[in-house]
Every structure is written in C-alpha cells, then in structure tokens.
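Student: Could you take me through the salt bridges here, with a close look at one linked group of them?

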Number of protein chains: 4
Amino acid sequence: MPAGMRVGVLTGGGDCPGLNAVLRAATRKGISVHQHEILGFRSGWLGPVEGLTTPLTLDRVEDILSRGGTILGSSRTNPYKIDDGIARLKATLAEHRVDALIAIGGEDTLGVAEQLTHDGVPVVGVPKTIDNDLDATDYTFGFDTAVHIATEAIDRLRTTAESHHRALVVEVMGRHAGWIALHSGLAGGANVILVPEQPFSVERVCEWVEQRFERQYAPIIVVAEGAVPEGGKELLVTGERDAFGHVRLGGVGTWLADEIARRTGKESRAVVLGHVQRGGTPTAYDRVLATRFGLHAIDAITEGDFGKMVALRGTDIVRVPLSEATARLKTVPLERYAEAEVLFG
Amino acid sequence: MPAGMRVGVLTGGGDCPGLNAVLRAATRKGISVHQHEILGFRSGWLGPVEGLTTPLTLDRVEDILSRGGTILGSSRTNPYKIDDGIARLKATLAEHRVDALIAIGGEDTLGVAEQLTHDGVPVVGVPKTIDNDLDATDYTFGFDTAVHIATEAIDRLRTTAESHHRALVVEVMGRHAGWIALHSGLAGGANVILVPEQPFSVERVCEWVEQRFERQYAPIIVVAEGAVPEGGKELLVTGERDAFGHVRLGGVGTWLADEIARRTGKESRAVVLGHVQRGGTPTAYDRVLATRFGLHAIDAITEGDFGKMVALRGTDIVRVPLSEATARLKTVPLERYAEAEVLFG
Amino acid sequence: MPAGMRVGVLTGGGDCPGLNAVLRAATRKGISVHQHEILGFRSGWLGPVEGLTTPLTLDRVEDILSRGGTILGSSRTNPYKIDDGIARLKATLAEHRVDALIAIGGEDTLGVAEQLTHDGVPVVGVPKTIDNDLDATDYTFGFDTAVHIATEAIDRLRTTAESHHRALVVEVMGRHAGWIALHSGLAGGANVILVPEQPFSVERVCEWVEQRFERQYAPIIVVAEGAVPEGGKELLVTGERDAFGHVRLGGVGTWLADEIARRTGKESRAVVLGHVQRGGTPTAYDRVLATRFGLHAIDAITEGDFGKMVALRGTDIVRVPLSEATARLKTVPLERYAEAEVLFG
Amino acid sequence: MPAGMRVGVLTGGGDCPGLNAVLRAATRKGISVHQHEILGFRSGWLGPVEGLTTPLTLDRVEDILSRGGTILGSSRTNPYKIDDGIARLKATLAEHRVDALIAIGGEDTLGVAEQLTHDGVPVVGVPKTIDNDLDATDYTFGFDTAVHIATEAIDRLRTTAESHHRALVVEVMGRHAGWIALHSGLAGGANVILVPEQPFSVERVCEWVEQRFERQYAPIIVVAEGAVPEGGKELLVTGERDAFGHVRLGGVGTWLADEIARRTGKESRAVVLGHVQRGGTPTAYDRVLATRFGLHAIDAITEGDFGKMVALRGTDIVRVPLSEATARLKTVPLERYAEAEVLFG
C-alpha cells in the first residue's frame, strides 16, 4: 500500500452526529499508520471549489470525537452546478497536490463523488444521513442519535399525556423515509406511528386514539414530517405566509393534532422536535460506526480502491460501488411497518 | 401533634416533574411517622367536587419518585366556578371524613386553596410551577428540570448552528416570566436571551446576531414564548386558521427566525421546544426540593397550621401565608436580566 | 397458526435492560393478535419449578417498556441441578395448562431451554446478555445500554484526567469477552483498550501511557474485568479477605492503575463501573431490538417452531436452533481488536 | 470603577464541573465591559510560582462553558510550603504586571488566597467544591452535578436490585461532609443514607434492610466515603497492600455490603462511584451558578473589593470576607439528616 499520500477530506449536506468521529479516525490512522498528510476542505464541495482548506493534524482532531456537527463546516454546494466548478475543483486539488478525496455525505454529496470518479478524481465515499435512507448500508451514523433524542422526548411527553388525559402528536424528522419515526415510535412505545411510505387515514388514527383513551391511557402518535394524509398534501396548506411572503405548508404534526381534537373531542397537542434531532454529541453506537467508517475509508484510499463507499453489513464494514449507494432510497418496507402496527392502540 | 388524621391530597394545573415526589414524601411520612391515612383526589379540584378518590398507601407511592407527571392526574377545574362546587367539595370531604387537604399547584390551584381556607376548609399548599413565577418561594420544583431540558436542547443545537453558519432561535416556555429563558440561556451560552419582562428590539437582536457571525461563530437566540417585539403582539398574528377556524397567534420564535433571515440575509431556523420541557423524570434538584416540600407539608397539616404554603428560602423550608403566595407574579428583575445581557453577542 | 394458546414466559440469569420490552411485545402481540393467554413465571427457572406465577395482561405490561430489570424477577436456578427439578417443572406446566414456554436469558438459561426441548418441553428462546457474547446473533439487547453507560462515564472521566494530568483506568464488564470494553473504548476515545481475549503487557500499556503524556494529553485506559496481564491471573491476588474470610482476587483495573503509577511515576486512578452498566432504562436501540425479539418469539411459539432462538442478522430477525446459540462464546476477533489498536496512544 | 486592569486567574484543588464556566464569564465580562486583560495561570498556585501562563481571550473561552474540568489545569500546590514560594509568586505577578488575582478553589486554595491578602496580594476568591462543604455560601457549583450523576446511578441500580432481590450499597463522595450522600440519597429514594457526620450502627442498617426485604422490595443504601461505623475506622483496614506496599484502608461501601450479606444472609453488592462524580459537563444549575460567580468576581476585582469571596445567599450573589469562607466546614446539620431519616426502610 502506498504510504505518504496527501488526502483531502470534506463533509457535505446536513450536519449529523458522528461526522467528527469519521474525521478523527481517518486522520489518526492516516497519519500514524499510513504516514499520509490530511487536508480538510471547508464547507462541503465549496471547499475544493473555492480553495478553502484547513489541515487536519493529530492535535486538530484531538477532543472532537464526542462533538456533534462537523469542524469542517458543511454546505449543499454542487460543483457541477457552478460555472467552471469542476475545473476549479481540480485546480485546487492540483495546487494542494491532493492525491485522493474522502467525501462524507448523503445522497447529494455522494452523487457528486460518483460523478467525479468518472471525471477522473479519485474519491472514496462515507455515507451520512440521520434519516438512514441510503440503500447500500445497513445503518448510517447519526440515525441512532436521532432516534435516541426522539425517544427521550417521547418518554418525557408520555407522563404529560397521562397526567392530562391528552393525545400528544410528536413530529420527527424523515421527509421521504420513516425510519426515525418507526424506531423512535417502537422505542417510545408510541400508540400510532405514521411514515411517509404509507398515506394515513385520519379515521383510523382516531380509532386507535379512542381505543387508547377507553383503556384509560393517553395516546402518543409519532409522525414523520413527510407523512401524508390520504387526502393528499394539499390538506396541509395553511393560510399563513412567512416573512418573505411565501405561503407555508403547515407541519403534518400540528395539522393532525388539530384533527384529532376536532374529531374525538379530546385535548390534543403537537410537539415538533425539529433540529434538536440532528445535533449534539453522538450516541456510543454512532461513534463506533463513524470511527469504523473513518478507519476503513482511509484504508480504501491507501489501497487505491476509488469509486467505492464504505458500508455496514451486519457487523462488518464492506466496500460498495458509489453508484450502488445512490441508486435508490432505502424506505421502510411494508412488512417492517406491519410488524410495528400490531402494537398500535 | 395529633396523629391518625385523614389527609386528602390533590394536584392541580399543568403537570410538572416532582409532583409524584411530593405525594410520595407526604404519604410515607404521613403514614409511618404520624399514623395518618392519606386519600388521593384525582384530577385536581375536580376530585373533591366529584368524589374521585384513590387511596395513597405505601405500596402505591413506591416507585413513583422518579416519574414525571402526577399519578393523581390533574385538571384546571375551579370549584368556585362550578354550581354548588364548594358545597359538593365539602360534602365529599365530610363523606370521606377528610380532616385536612394538601393542595399542590400553581397560582390558580393555590388561589382556590386560599379561598377555601376562608370558607372553613383546612388546607396546606405546596407551590408548583415550572415557570418559577411564584413570589413567596425562592424556587419551585419542575423549574430546574425545565431548564435542564432546554439547556440540553441548546447544547445540541449549537453544533448544528456552527456547522451551517446559521442563526438558531430556541423558543422556551414562559408566558409571563422569563426565568426558563434566562437560566437555560445562561446555561446554554445563548448569544441573545429575550424575556416577557422586556419588549425586545428586532434591530438590536440583529446587531448581536451579526456581531456573532463576524466573530465566525453562529448565534443562538433563546426566547421565552411570552416575549413580545417592541411593535407589540399584533406583529405575531398569522393568516393561518386552525381546525376550529380560529386565527392563530404565531409563535414568537418562528416569527423572529423569519425576521432575522430577512434582515441579515443569513440562514435562520426556529425550534419550539414545547411540552418536552414539562414532562419526564425530574432532576435530582427537583426531587430533593419536592421531597422536602412533601415532608414539611404533612408536618404543617399535623400541626394544624392551615392556610399556609411551604416555601424555599435559601436552604430552608419555611411556611408562608397562602395569601402571600398568590399575591403577585415573580418576574425576572431588570438587574438580573442586565447581569446576563453583558454576555450577549 | 393455532391461536388461543397458553404461553409461559420467564427471564433468567443476570438482569439486563430490555427484558421488560421483550415481555411487553410478546404479551401485546400474543393477546391482541393471537388470542393467547400469557403466564409469567417468576425468578427464572425457579418459577416453573416452584410454581411461582404472575399473569401478564395488557395492563400489567403497560408502562414497562422503558424500565430496566425484569418485572418477573430472575435467578440462576438450573432445574437440572435440583432434585426432581424437571418433573416438578413439567407438573407446573401441566397444572397451569401451559402449551409452550418463552425463555429469555443467556448461555445458562438457553442451555436449559435446549435440554428441555429434548425432554419434550416446547420452548422458544430469546437471547439476553449485556456482554454480547452469544454466537448466533449479531447483537443482544442490553449490550448497547451497557456501552452507552460506560461511554458516558469515560466522557466524564476524560475532563478529570486532563485537568490533573492523570492516567485513568476504567474497568468495565466483560469476564470472557471484551465487547463492552472494545465498543465503549472506541466510543470514548480510549487511549488503550484491554480485553480478555488477549493477555496484555504492562510494559506496552505504559508505553502508550507515556506517549500520551508526552503529547500533553492524559490517557484513559479501558479494561474489561476479565482482562489478564501477561504474568497471569495470580498477579491479581491481594492479601485482603472479605467478611466471609475468603481471599479476594483484586480487580484488574485497580491493579493496573497501581502498576502504571509505580512504573511511570505519574498519578493514576482506577474507576470500577460495576453494576451501573446493567441497570436502568434501555437505550432506544435496545428497546427496538428487544421489542422485535418479543414479537418474533411469540410468532415462533404460535407457529409451533420450538427449539429455536430468535436472533439478529443484519437488520433481520431470524430463527436459529437453540443448540447453535449455546455452542460457543462469541469473543472479540483479533482483527477487530487490531482495527481499534491503531487508535491507541 | 477602574477599567483596563490586568487580571490573573487560576483554578486550584480537585477539578469540578463549572470551573470553565467561571473562567468564561469572568473573561467575557472582563474584556467586553471592563476592558481588562485576562491572564490565566496554569496548574493552580503552581502557575504564579513557576510563571506558567496562558492568555484568556474571547476566542480561548468560546465553547468551554459546557466542558467539565478546567482548561487551566489544577494542582494542590501551596506556595507557602515552597521555598521562596511567595516571593516567586509576587515576582511573577510583577513581571506580568498583574493588578489582581481571581482564585477559584476550595478550602485550601481559598486559605492561600486569604493569607496572600494579608501579604499584600489583591485577591478575590470564588468557592469551588463538589462536596458543598464551604460554610459561607448556600451552594457551590459542581455539587449539583455530582448529585445528578450519583442519582442517575442509583436510578439504574434500583432495577438491578429489584430484579435480583439484592441489597445494593452505593458509595458516593464526601470525606468530611455528607451532602452528596444526603441529596443523591433523597433524590434516588435510598432506603438508608449514611453520612460522615454521624457514625452508623450496622445493626440498625440491617434492620432497615430487612424491613425493606419484608415489604418485597430491594434496599439501596447510599453511603458517603467518609462515613464510619460505630466501631471506628479501624474496622475498615484490610490486609491488602497496594503496588507501593502500603496497607489499604478499605472502602466503607464494600465493607458494608459484606457485613449486610453476612448478617442478613441476603445477596449484597457494593458500587463505588468514584471519579465519575466530578467530571464531565456541568448541569444547567451549576453552569448558571458558576457563570454568575464569574460575573460577580470580575466586578469585585474591578471595584477593588479584595479579600472577599463571592457567595450564594438565597438567589443573590453576595461577597463575604475570605476569612469567613474558610473558617469552618459546612457539615450536614443533624436536623437535616433527621428530616431524611423518616424515609428510611
């Protein structure tokens, strides 16, 4: 294996607990085992386009393992959508004599990585999404942390619901995939779980709610932000406009809490967890997964195994083609949803 | 001290971490030291009006110390606003041979307790509000838990804000008093804290925000739900209507995030913490305070010292007249707010 | 599938976060989907031997999902080592008309389950060990919680180590397998991790410790309770005797901290985490895994698929023969240990 | 008030969550309000003796509020016990043109501060002890965090104790004062609490233990490390010797667990929490208190109000003479202990 390479690293897309753990592991192994130099690019793909760099040394990555977010910053920049973006990116890599890149990100970031591979830039990808919706890996880091935070919130809300005989709707992240809703709902003992994969019937939700009240308990409904009522998304349009004059699409959680109150006559409240789900210190699970990803990514770089993404399969870290990683969204299979549904009510 | 009394207990108003700790302490000491019998009334003042009872035995209060909410349930019922409410309440007390009542609640619940004292019902009050806005006690249980939860959320949001160079507005509880905002803002290192006690200037907020961005850090703004911009509450009215057709008063947090984005051109997001702040297991601080309140309340009952409320002064539990407890709201003094303001930006 | 069976359930061996989640899921699905009756046996295998029962109803399993330990109690009783144990066990099952048993436990409990299958008792097993050392499943519930708790402790200890320029040795659970040490060590950024699978050289440990101090940081050493120095276990014998007069085998953590202090001249302290690692509320990960195990176990029972154990493979729950489950211990493979070792120092 | 001073700061004694919050608050207010320069001295009093300095700028104190330990490092150095210690200390202060010192520490550190005041060095003290045993302040930061951590551990241990019908002894910090034991014991619902202030009878402890078992629950005993059985400390001497050949004084927790097992015939285990109690991120309560101490200390410096210590009285921060602060230990009053004792068993 060639040692002494110059390796660039960047983090793209939404922030995610565990990014710093990847940076630390790749940097430590890169420097102390492979004698590489590690160069951080700041703000996602904007970094190599604009030449925004920051060296990653042993001292720089000390003490970042447990910190959320990313010390490199992030962005949603796509170099293919910038004039001369790829040329400028290649010029930056040449200027800094970067031999290969580690790109840590979700669908968009890895999509760029995949394209760059075809355009002659040697890249290894590391999957990242709190939504857990990347198809080529069993789990992504950040997901366990998001589920952990949502579950803690559900635990807290349950005692309030019980004390006031109130329905509580908890809206969690998940625009296209319901993994966070499914897992936090199971972990929190939710009485209804609603996911984007399956339009929901408000009538059916209200039946579960009333069934629960009849048993003298209070219902908790966990709903993914991307879940849609059977009537369609238009039901969620509100009359409100934001400071820019745009009409808002109301959150499904708030809408559903109103509907439940109206139809069942019971008190009902919504809580929208929002960004707290993606920040802060990663769980131990995510730190281990992210660390292993970082260690394996720097090995793939060193072996010249480009165009690949590291991935979790069972308990093993494997490599899969980047093309496979971004081919399709991993949504909640109907049988997994049905498995949970027997616990509703 | 007379032993062997029959003591009724109820919890009123919004739920609050620590209520069960009060119930447990009062029940255990009542039974094992004073040989009392303890009778729980369910659903706040509705319990003695409707005769909803549940005995509190040693076994019933085992294992509830660490649980949020209240095993007695709660309500906002005011017996003085119910036809024959007081007569029915007295009849219930007579029927169950209740010698005296412990009423655990906030301004409203204790206001009823105070009136009942004048109407010949022997009551001892225990203060409860997560907002910490009762004047006669240094702190109320539930407040520390609310601050703890809000601070954890701020800690998590900070890494997201930094990673994306984004302003984050965190809306916390506090309709009339800004204690939760002040303490969680201080504890979370917020760059701006806004409280109901002082209308805020959006211009000034944006200055702090920009000052923070100039120093290459991302701003966190903590705002109490009751904080009002200098232009007045009307600014917060949205066009949206709820499922009942009522026009909504938009949350100040969301409004402020929009304003910051519009005025500074920076990305800005709002997170509304909501009910998670009042649920779940109490902090150690709140468990100790609630336990001590429970122990002292049952002593006051036993001594026949009615019309009083237990309260914290320094490190001591004292008794104050119920009238004093509900005389005025304890808001954040301007000098306490000014003390924090030097840390803004 | 036959509905309306009478299903017995028991929990054996050391307690483990997630046991109650299994009980809840199996009971809820058993009752509401399969119309079974569920009978809990108390105190592990002692329950069916002595006829200690407690019915598991929907109300009984309400509110237990998030609670650590087991509401059934546990024991290390082996019915094969009790006079007439198996006869009495069978008599109890007959008396209560129990059609089949779910046995939740580790190596010992499942070993009994396996034997009983051969002796004509229909059993389905659910694996349980915080040590994660059962071979037939990718993970067991309880393990993630133990790792989470150990990692939190390491996070806390790090700031103390740094403030005092001190080495800190953290002894975690794991008598025969080093999984908790490996994962919590990786998650906590430990500078040395020692596992039972590989005798350690104190000299080598001290080199890593000194290397760390030279870089102006303080070392954290995570050691599994079953790790052994190269000189052998005898090194750990102390002169101390317990209240029963037995000579104690000292903990490896305390011994190692002393050795480090003696050899390097640096301050060094040991912390033995002990039982806190196995108690309290399970993590979201463990609740989901335990819930899925419970759901699948009751299905296996209903299908009459006895002599099997539910197990996790990747993201799927599968069934494996009980014989396979207890065939051999799953220890940390040397390559997994080597993967972590590059981060030492 | 004179602005533009040069202010030295140091942290002495054992580390404590909240130290960094004091440093941050004093530095931020010192720089932005009073135009001071802030100079950190490293490793407690060793810093000004040896001239170990590190400037505290706005950037240096960014992001430290939530971190445990102290970025300045600490030591137990007493300059009065070093040859020429005071002369060298004064020389350092002169060399760096330091106008006044903020000394953050416990009894020893503040004792030196008090002496220095008499020797002409202008000092303001900030109290720090997780043990909460300083007499002149209602509470010290670090204490709430220690109680919080101990309480979490007790919560976890309770489910283990119940599952195995086992007595669990939890040894917490507190060599001379039982505040941590008292508060965590109350918060965790301990069935016995033992403090250094009152020698305990093993017989009486065993009565409570058996009473608890008779009620079908498992006992938790919280014992401060400095608690002593009625027979005296000698009972705790073990035969064991450490790596240096010194005979060990066994921990009271382990000893007591053995005694309980021997006398009651019940299973009994000890957990010694140790250093986890003093590390890691401070609770919100401690961050607020530490921040307020920092803000008030820099004001006292600016006003030239030397020889004072900031202190908490009720909800106010006040100043008290340093001499008062170190005059006597604040131990648990017998009536506070008796208040808790009614909950034993």
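Tutor: Sure, let's start with the network: salt bridges link A:Arg28, A:Asp59, A:Glu62, C:Glu162, C:Arg212 and C:Arg215. A salt bridge here is a side-chain nitrogen of Lys or Arg within 4 Å of a carboxyl oxygen of Asp or Glu. A quick word on ground rules: this is a predicted model, where local features need pLDDT of at least 70 and side-chain atom pairs count only at pLDDT 80 or more, while totals for chains, interfaces and linings use all residues. Residues are numbered from 1 along each chain as its sequence is written, chains are lettered from A and ligands numbered from 1 in the order in which they are written, and side-chain values use heavy atoms, leaving out hydrogens and water.

Now zoom in on one pair of that network: C:Arg215 and A:Glu62 form a salt bridge at 3.8 Å, N to O. This pair crosses between chains, with C:Arg215 in the loop between α8 (202–214) and β8 (220–224) of chain C, and A:Glu62 in the loop between α3 (58–61) and α4 (85–95) of chain A. Helices (H or I, at least four residues) and strands (E, at least two) are DSSP runs, numbered from the N terminus. A:Glu62 is buried at 13% relative accessibility, whereas C:Arg215 is partly exposed at 24%. The cut-offs: buried is under 20% relative accessible area, exposed is over 50%, and partly exposed is in between (1.4 Å probe, protein chains only).

Over in chain C, C:Glu62 pairs with C:Arg28, with the closest N and O atoms 3.9 Å apart. C:Arg28 is buried at 7%, and C:Glu62 is buried at 12%.
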